[in-house]
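Me: Please take a close look at a single part of this model and work outward from there. I would like one connected account, with residue-level detail where it exists.

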Amino acid sequence: MEDLLRVGVISSTHGIRGEVKVYPTTDEKERFLELNEVILDTGKEKRVLTIAGVKFFKNMVILKFKGIDNINDIEKYRQCELFVTREDATPLEEDEYYFGDLIGLTVFDEEHKEIGRLTDILETGANDVYVVKTVEGKELLLPAIRDCIKEIDIEGQKMTVHIMEGLL
């Protein structure tokens, strides 16, 4: 399980006073209102930034960080990812999982035969779709619905699925 969970990516600056536009990678962008700090991954280091202000514009979140008051101080962080610790993450309901915990799970069918590894999750309007790279090297798309996903064991790093007719 990952200790840090991605909540957004800095897309650009906003104005000249050090604000940034953030593309949220969390289901609820309003959760930024509850955060006191985020962790900026510069690629070389991780830096804790205290949030001083939050605004919303279209599908973006505009953040102001304490101590960063100039466009030149923040511009270098374009395309950098923002994370929160697991303790600061939104609590999960029953049968909900963080994407980062699912990626990499070994996928088995109901007869305990290994199918492959979960490599990606596609978010669609109706339900998520799990992308599995099979042991044969092919790509299998599995809808994240109860009829298909039978069990998820994060601790055991495995997922048991029912392969519905037409998916293979």
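Reply: Asp101 counts as buried, at 6% relative accessibility. This is a predicted model, and what follows should be read with that in mind. The side chain of Asp101 meets that of Arg86 in a salt bridge, with 2.8 Å from N to O. The two residues belong to distant parts of the chain, 15 residues apart: Asp101 is in helix α2 (residues 99–102), and Arg86 is in the loop between β6 and α2. Arg86 has a relative accessible area of 22% and is partly exposed. The cut-off for buried is under 20% relative accessible area, so the two partners of this salt bridge fall into separate classes, Asp101 as buried and Arg86 as partly exposed.

The loop that holds Arg86 starts after β6, and β6 belongs to a closed barrel of 6 strands, which is the part to look at closely. The strands of the barrel run in the order β1-β2-β5-β4-β3-β6, with antiparallel pairing. From one strand to the next, the twist averages 50°. Strands of a sheet pair through backbone hydrogen bonds, either parallel or antiparallel.

Some of the pairings in the barrel can be given bridge by bridge. Strands β2 and β5 run antiparallel and are joined by 3 bridges; Lys21 has Ile62 in β5 as its bridge partner. Between β4 and β5, also antiparallel, there are 6 bridges, and Leu63 in β5 stands opposite Val54. The hairpin of β4 and β5 has 2 residues between the strands, and Lys58 there takes a positive phi near 55°. Strands β3 and β4 are antiparallel too, with 5 bridges between them, and Glu37 has Thr50 in β4 as its bridge partner.

Strand β5 deserves separate mention. Because 6 of the 6 residues of β5 are buried, the strand is largely enclosed by the rest of the structure. In a regular strand the side chains alternate between the two faces of the sheet. Here Val61, Leu63 and Phe65 point one way from β5, while Met60, Ile62 and Lys64 point the other way, and all are buried.

Two of these residues lead into the packing. The largest nonpolar core has 22 residues, and Val22, Val38, Leu63, Phe65 and Leu82 are those with the most contacts inside it. Two or more residues of this core come from each of β1 (4–14), β2 (19–24), β3 (37–41), β4 (46–57), β5 (60–65) and β6 (81–85). Apart from this core lies another, of 16 residues, including Ile115, Tyr130, Leu140 and Ile154. Within the part examined here, Phe65 gives a good view of the packing: leaving aside neighbours within four places in sequence, Phe65 is in contact with Val20, Val38, Leu49, Thr50, Ile51, Ala52, Ile74 and Leu82.

Charged pairs also join strands of the barrel. Side chains of opposite charge can pair when their charged atoms come close. The structure holds 6 salt bridges. In one of them, Arg6 pairs with Glu81, with the closest N and O atoms 2.9 Å apart. Arg6 is in strand β1 and Glu81 in strand β6, so this salt bridge ties together parts that lie 75 residues apart in sequence. Both partners count as partly exposed, Arg6 at 40% relative accessibility and Glu81 at 27%. A further salt bridge forms between the side chains of Glu19 and Lys55, at 3.3 Å from N to O. Since Glu19 lies in strand β2 and Lys55 in strand β4, that pair ties together parts 36 residues apart in sequence. Glu19 is buried, with 16% relative accessible area, whereas Lys55 is partly exposed at 41%.

At Leu4, in strand β1, the contacts beyond four places in sequence are with Ile39, Lys46, Phe83, Val84 and Thr85. The C-alpha atoms of Leu4 and Ile71 are separated by 27 Å, with the two positions 67 residues apart along the chain counted as their separation.

As for the setting, the protein chain has 2 helices and 12 strands. Of its 168 residues, 38% count as buried, and the C-alpha trace spans about 60 × 30 × 30 Å along its principal axes. Among contacts between residues at least 6 apart in sequence, 48% join residues at least 24 apart.

Methods
Residues are numbered from 1 along each chain as its sequence is written. This is a predicted model: local features need pLDDT of at least 70, side-chain atom pairs count only at pLDDT 80 or more; totals for chains, interfaces and linings use all residues. Side-chain values use heavy atoms; hydrogens and water are left out. A nonpolar core is a set of buried Ala, Val, Leu, Ile, Met, Phe, Trp, Tyr and Cys residues joined through side-chain atoms within 4.5 Å. Buried means under 20% relative accessible area, exposed over 50%, partly exposed in between (1.4 Å probe, protein chains only). Helices (H or I, at least four residues) and strands (E, at least two) are DSSP runs, numbered from the N terminus. Contact means heavy atoms within 4.5 Å. A salt bridge is a side-chain nitrogen of Lys or Arg within 4 Å of a carboxyl oxygen of Asp or Glu. Two strands pair if DSSP finds at least two bridges between them. Axes are lines fitted to C-alpha atoms, for helices over the stretch in contact, and angles run from 0 to 180 degrees between N-to-C directions.
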